[in-house]
Amino acid sequence: MMSSKQRQRSTIITSILLPFLIHILSMAVYLHPLTTSPTPSEPPIILKNNRWILITDPKPQLDELHVMSKENHDITPPKKKKPTTNNKDSETLQQQHSWTDAWSNDYWGRPLNSPSSHKSWRPISVWSFRFIKGGRYWGRWAVGWVGRLFGVLGNAVERLLGRGRGGGDNGLLFQGSSSSSGSGREVLASELFIHRFVNVLIHAAIVQIIGAVSMLLFQSSSCGDDDDNRNNNCRLQQTTKIITQLLFALHPVHVEAVANVANRPHILALLFNSAIIDPQFPLVGVTMLAMMGLLSAETALFQFPAVVLTMTAIRYRELVLLSRQQRATKQQHKTEEEDDEESEQSATPILVQTINSLIPRYTLLIFLATLYLFFRSYNDTLSIPTGLIRPAENPFYDKLDKHQWSIWRRIMNYSYILSLHVM
């Protein structure tokens, strides 16, 4: 038997301390390499001479070049010019590139009706880049400080584990580089690092939501009671939550989506969709978040089946627990006739009750998906034009058209990818 003090101590550890540590870990696992690890553009010799260049002046990698391009006016509008007597139209330059243009342009800033458009309609993602840039000074200073903090702590942990890269970090937390004293501007986070930092925050938020979802999937109706068996069930539930969060936070498949800012639409869509899994979530909130997910990335549509299945499993679990409670409370007061009568009334399977209770949510998601597909089809943005998919992006996209792959092989290929995500 656990004493009340032991039980209270255990509750503090499992309910407060461990979730906080997992939240920090889900950020550190990305912020440490994003602030200290060499890249093709920043080899080790550059990092040695300029300690925090990955925070103050990192170079875009791969598709980040398109996001950070000054030609993408949906994300980086031209600066407004001061009006002059010789140029009456100088104030209209910024107005020509309004934030509302994201409704009619693709993710890369090209008009959706352009032959060169990739047809990726993601206005919510575009606005997240346009409006979240850290501000002029204090926001960039704060993000830069947090980045350096995670970099220094990560290096300290590496040295404790015997895997340090060498060199001391003493005093570097408050400096812009190892070759200078770190003036005010040198310690400010760049716009690209702020975008990467936002990606990490989104990922950390999803980790917390996934933990809440696992609690709903493996919920116990007896948490908080004094019975040891019931407390064991609660500890098992908490342990399941922790393991689920760790598996999600450390899953290697997520690296490219989180570390590369150009892939923010996919994690943003997952953030919105994972928040609507709870069957108790208000329908108005489900509508708003599901629409925001669809407006973040096309992949939100393919997340709907997983959302529906998980939602169904949670509600089924709730009804099973409710049925057990009702039987337990009535067990001592039943007669044989009442027992037979109840067995007839409970003939409706719990699964049928589950589906019936969730029909409004199923209908809502089907309606939103149909409306989204109809709108994309009406604007001819359902498929990427032939020739715009580079082999480097997807070397297998034309295998069926060239009769090099069978349908069965493609099914097996996607099943393999799905299994990696499930693992």
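## Rings, charges and a pocket

W103 is partly exposed, with 41% of relative accessible area. That value comes from a predicted model, as does everything else described here. W121, on the other hand, is down at 5% and counts as buried, because the cut-off for that label is under 20%. A search of the whole structure turns up 9 aromatic pairs, and these two tryptophans make one of them: the ring centres of W103 and W121 are 5.6 Å apart with the planes at 50°, so the pair is tilted. Both residues sit in the loop between helix 5 (92–95) and helix 6 (123–131), 18 residues apart, and the pair links distant parts of the chain. There is company, too, since W103 and W121 belong to one aromatic cluster together with W99, W127 and F375.

Another ring pair sits in helix 15. Here the centres of the F374 and Y378 rings are 6.4 Å apart and the planes make an angle of 25°, so this pair counts as stacked. The spacing along the chain is easy to picture: F374 and Y378 are 4 residues apart in helix 15, or about one helical turn. Are these two residues buried or exposed? Both F374 and Y378 turn out to be exposed.

Rings also meet charges in this model. The charged end of R264 sits over the ring of F129, 4.0 Å from the ring centre. R122 does something similar with Y107, its charged end sitting over that ring at 5.0 Å from the centre.

Next come the salt bridges. Side chains of opposite charge can pair when their charged atoms come close. How many salt bridges does a search of the whole structure find? The count is 6. One of them joins E298 to R376, with the closest N and O atoms 3.7 Å apart. E298 lies in the loop between helix 12 (283–294) and helix 13 (299–330), while R376 is in helix 15 (residues 350–378), so the pair ties together parts that are 78 residues apart in sequence. Neither partner shows much of itself: E298 counts as buried at 18% relative accessibility, and R376 is buried at 3%.

A shorter-range example is found in helix 13, where R315 and E318 lie 3 residues apart, about one turn of the helix. The closest N and O atoms of this R315–E318 salt bridge are 3.0 Å apart. R315 is buried, with a relative accessible area of 11%, and E318 is buried as well, at 16%. Elsewhere, salt bridges that share partners join R122, E298 and R376 into one network, and R122 is also the residue whose charged end sits over the ring of Y107.

The bridge between the side chains of D57 and K59 spans 3.6 Å from N to O. What sort of exposure do its partners have? D57 counts as partly exposed at 42% relative accessibility, and K59 gets the same label at 34%.

Finally, there is the empty space. Rolling a probe the size of a water molecule over the atoms shows where such space is left. The second largest pocket holds about 700 Å³. It is lined by 17 residues, of which T76, P77, K79, K133 and E191 are the closest to its centre. By type, the lining of this pocket divides into 7 charged, 6 polar and 4 nonpolar residues.

Terms used:
Residues are numbered from 1 along each chain as its sequence is written. This is a predicted model: local features need pLDDT of at least 70, side-chain atom pairs count only at pLDDT 80 or more; totals for chains, interfaces and linings use all residues. Side-chain values use heavy atoms; hydrogens and water are left out. On a 1 Å grid over the protein atoms alone, a cavity is a set of points where a 1.4 Å probe fits but cannot get out, and a pocket is an open set with protein on both sides within 12 Å along at least five of seven lines; lining residues have an atom within 4 Å of a point. Grid points are joined across faces, edges and corners, and a volume is the space filled by probe spheres set on the points. Ala, Val, Leu, Ile, Met, Phe, Trp, Tyr, Cys and Pro count as nonpolar, Asp, Glu, Lys and Arg as charged, and the others, Gly among them, as polar. A salt bridge is a side-chain nitrogen of Lys or Arg within 4 Å of a carboxyl oxygen of Asp or Glu. Buried means under 20% relative accessible area, exposed over 50%, partly exposed in between (1.4 Å probe, protein chains only). Helices (H or I, at least four residues) and strands (E, at least two) are DSSP runs, numbered from the N terminus. Rings of Phe, Tyr and Trp (its six-membered ring) pair if their centres lie within 6.5 Å; planes under 30 degrees apart count as stacked, over 60 as edge-to-face and the rest as tilted. A charge sits over a ring if NZ of Lys or CZ of Arg is within 6 Å of the ring centre and within 35 degrees of the ring normal.
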